[in-house]
Amino acid sequence: MIRTHRPAAGVCALLAALAAGIAFPGHAVADETEQAAPKVELVLDVSGSMRTADIDGGTRMAAAKQAFNEVLDATPEGVQLGIRTLGANYAGNDKKTGCKDTAQLYPVSTLDRTEAKTAVATLSPTGWTPIGPALLKAADDLQGGSGTRRIVLISDGEDTCPPLDPCEVAREIAAKGVGLTIDTLGLVPDAKTRDQLSCIADATGGTYTSVQHKEELTDRVGQLVDRAANPVVTPVATEGTDQCSSAPALKSGLYTDREEFGQQRWYRVDVDPGQELRASVSVAADRAVNADYGVLLRAVTVHGREIVRGEASGLGRTDVISTGLRYPKAGSDDENAAAETVCLQVTNSFSAGSGVKTSPGLPVELTVDVVDGPSKASDVASFGLGRGWWLLGALVLTGFLAGLVWGWVSRWRVAVWRTN
């Protein structure tokens with residue numbers, strides 16, 4: 001049995017891409033028409049509050065600049081990327097003017113990393129927070145083409161330009177059916193900011209992430225840009241049950257569900273002899289939760305015996321926690337050997353904050369891959385050690401021999417000391 005822990009960041013996107021690769025083999029893709037280049041626009045809040053120094057000892061603006069520079073270095077070839085700002089140019093008190101303060105810092109195009117970095121270096125926290133107008137302009141920036149289109153909004157506060165509600169703007173964009181996703185990141189957000197950014201993301205099927213550290217910001221923006229370059233996989237809605245016998249039967253794919261606080265959900269997967277089951281799960285905290293939490297993914301037999309498990313815990317620094325597992329089913333010489341039904345159990349230990357609604361449940365994303373297993377599945381499944389058994393055996397033997405030699409030397413020295 002092999003147990004693996006998956007970092008919160010990016011597990012489901014990676015496995016979704018693998019699932020797409022399994023579903024559409026390389027020779028089939030080669031025959032298809034070349035897909036349009038994916039487009040991403042990073043929309044950055046450059047309002048005055050970005051001067052606040054509360055992210056790892058530096059300002060929010062400094063953290064954003066560092067994240068942008070690292071993401072620009074790592075942007076995949078073929079992704080057309082642009083940068084738009086809001087609140088970067090007008091420092092006055094006239095609301096009408098301040099609410100028009102959004103500009104395209106770098107056009108959505110093939111990336112010139114040096115030019116884009118130079119443009120980012122010029123930014124200085126300045127004015128208002130016109131999120132709604134910036135989203136409308138960003139949607140126009142991404143028009144044209146049939147490839148993936150994604151807006152990544154980074155902000156540290158609510159929109160300051162009512163009555164244009166940015167959440168309604170996001171719904172309007174989604175209603176146009178342009179296939180554009182808006183992901184949002186909140187820099188050290190308060191409850192109102194969190195609610196607004198979550199609403200914007202939900203309206204277009206995007207994600208919201210709360211960020212309090214520089215590394216989190218860099219990692220998350222990078223993941224979202226990478227996701228735009230991956231084949232689009234639409235999750236399938238499913239509904240787990242409270243016991244394996246009545247659980248839905250899943251095949252390879254990406255699934256979504258909802259799980260109440262502290263609840264467990266069951267799913268079933270059939271694994272033929274010689275195949276390997278790979279599964280991962282992510283549970284997102286889409287509302288205020290208490291700091292300590294965890295997620296457990298177990299594979300058990302229909303009789304309740306545990307086969308393998310994956311588990312992870314969090315301290316409150318991220319909004320998503322993930323884990324995964326692998327189970328290789330040993331091959332059989334019997335051509336008529338039946339498939340084994342493996343029960344997957346997902347359990348979370350999130351607890352709701354004071355006054356927080358517990359319904360609907362927390363978003364769950366489950367990835368299932370059933371692939372051809374390794375040639376020696378029984379070896380790979382050996383307590384998670386695989387061929388490491390050879391190394392473990394060698395270390396145990398070496399330790400045993402070293403102990404014998406050391407004991408003999410010690411007794412010899414004592415004997416010599418007594419003689420003298």
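Helices (H or I, at least four residues) and strands (E, at least two) are DSSP runs, numbered from the N terminus. The model used in these exercises is predicted.

**Exercise 1.** Find which peptide bond links Pro162 to Pro163, cis or trans, and place Pro163 in the fold.

*Solution.*
Step 1. Read omega from Pro162 to Pro163: the angle is near 10°.
Step 2. Assign the bond: cis.
Step 3. Locate Pro163. Strand E5 (149-155) and helix H7 (166-175) flank the loop that holds Pro163.

**Exercise 2.** Do the same for the bond that joins Ser359 and Pro360.

*Solution.*
Step 1. Omega is about 0° between Ser359 and Pro360.
Step 2. The bond is cis.
Step 3. Pro360 sits in a loop, with strand E15 (340-348) on one side and strand E16 (362-372) on the other.

**Exercise 3.** Give the sign of phi for Asp56, then its location and exposure class.

*Solution.*
Step 1. Phi of Asp56 is near 50°, so the sign is positive, and the residue is not glycine.
Step 2. Asp56 belongs to the loop between strand E2 (39-45) and helix H3 (60-74).
Step 3. The relative accessible area of Asp56 is 44%. Buried means under 20% and exposed means over 50%. Asp56 is therefore partly exposed.

**Exercise 4.** Repeat the analysis for Val188.

*Solution.*
Step 1. Phi of Val188 is near 45°, again a positive value in a residue other than glycine.
Step 2. Val188 lies in the loop between strand E6 (180-187) and helix H8 (191-203).
Step 3. Relative accessibility of Val188 is 28%, so Val188 counts as partly exposed.

How values were computed: Residues are numbered from 1 along each chain as its sequence is written. This is a predicted model: local features need pLDDT of at least 70, side-chain atom pairs count only at pLDDT 80 or more; totals for chains, interfaces and linings use all residues. Side-chain values use heavy atoms; hydrogens and water are left out. Buried means under 20% relative accessible area, exposed over 50%, partly exposed in between (1.4 Å probe, protein chains only).
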